[in-house]
Amino acid sequence: MKKILITGALGQIGTELITYMRKEYGNDNVIASNRSKHGDESVLQSGPFELLDVVDAKGIAEVCKKHGVKQIIHLAAILSANAEKNPQMAYDINMNGTYNVLEVAREQGIAVFTPSSIAAFGPSTPADNTPQDTVQRPTTMYGVTKVAGELLCDYYHQRYGVDTRGVRFPGIISYAALPGGGTTDYAVHIYYEALKNKKYASYIGAGTFMDMMYMPDALKSIHDLMEANPDKLVHRNAFNVTAMSFDPEILAAEIKKHIPEFKMTYDVDPVRQAIANSWPNSLNDSAARAEWGWKPDYDLASMTKDMLEKLRIKLDIK
Ligand code: AKB
């Protein structure tokens with residue numbers, strides 16, 4: 001069985017991807033890594049764990065050699081809103097982290113998955129039904145590093161034959177670990193606040209549409225793309241994927257169906273609003289559907305039902 005290294009394993013996606021991949025490939029075959037040990041204990045306990053900072057190229061090379069890694073799922077990154085607070089740090093971690101992973105992959109013959117994002121698009125991109133291949137002129141540091149990452153991954157594939165693949169993730173909604181410093185985080189926080197306080201002040205304004213996806217679909221997309229037949233892949237870095245598109249009003253209305261007392265107000269944050277305004281309203285993911293069979297299982301209604309059920313248990317709210 002191949003050995004898989006996951007960077008950023010204690011982040012929002014990593015925390016759940018570790019469990020998913022360990023179930024799929026065996027606990028000992030999935031190596032979790034993170035730059036700190038702060039996070040879900042089960043990630044640390046259920047299989048191998050390495051303290052690893054992705055700016056440390058030598059450290060990545062050593063961990064891959066030690067475990068005989070054949071695939072890296074490179075999740076470690078600074079997200080959009082945090083990147084605008086410290087663009088220099090975001091450049092360092094996002095750019096050098098991806099470069100280091102690709103160099104180790106080239107030297108050791110390792111396949112690489114790296115997520116890109118809806119942030120790889122910008123204000124000059126067609127905002128509705130955004131095509132797979134279109135203008136990519138982002139205006140955020142996060143977006144700049146994501147476009148550069150897509151191009152670097154394509155370069156390593158074309159030039160060195162490294163098996164690089166990736167998707168452009170929308171906002172990911174989940175209940176296990178909180179997202180860390182993104183623009184789409186409001187769509188996670190709103191569920192917690194609806195259950196705890198029956199109200200939420202949205203930092204994203206009404207009428208701002210963004211693509212979103214429930215975590216089980218995000219995990220499935222990583223797994224399915226990495227298992228896809230390479231002969232069928234016309235694109236590689238990175239596929240548009242989406243499950244739904246909504247604005248805060250539509251999300252609040254769906255939550256109200258379960259919690260009728262829920263009230264949403266607005267306290268718009270100009271920085272995150274500007275980022276959201278520069279991103280697409282809705283992606284066209286037909287290339288992913290055609291080339292490797294992408295199809296989400298959850299829509300807004302089924303996600304909201306499941307999120308609220310799972311969070312009620314987690315937060316112990318009747
Ligand atoms: C963010 O909001 O920064 C991320 C993303 C869409 O990549 N969730």
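A polar contact is taken here as a pair of N or O atoms within 3.5 Å, and within protein one of the two must be able to donate a hydrogen and the other to accept it, with residues adjacent in sequence counting only if both atoms are side-chain atoms. The model is predicted, so that local features need pLDDT of at least 70 and side-chain atom pairs count only at pLDDT 80 or more, whereas totals for chains, interfaces and linings use all residues. Residues are numbered from 1 along each chain as its sequence is written, and side-chain values use heavy atoms, with hydrogens and water left out.

Oxygen atoms of the ligand are approached by a polar side-chain atom of Ser80 at 2.5 Å, by a polar side-chain atom of Tyr142 at 2.7 Å and by a polar backbone atom of Thr183 at 2.7 Å. The protein buries 93% of the 250 Å² that the ligand exposes when taken alone (accessible areas by the Shrake-Rupley method with a 1.4 Å probe). The residues around the ligand, each with a heavy atom within 4 Å of it, are Leu79, Ser80, Ser117, Ile118, Tyr142, Pro170, Gly182, Thr183, Thr184 and Trp279.

The chain is divided into domain 1 (3–170 + 214–240) and domain 2 (174–212 + 244–281 + 298–315), with bounds from an automatic or database domain assignment. The centres of domain 1 and domain 2, taken over C-alpha atoms, are separated by 25 Å, and 24 residues of domain 1 are in contact with 27 residues of domain 2 (heavy atoms within 4.5 Å). Both domains contribute to the shell around the ligand, which draws at least three residues from each of domain 1 and domain 2.
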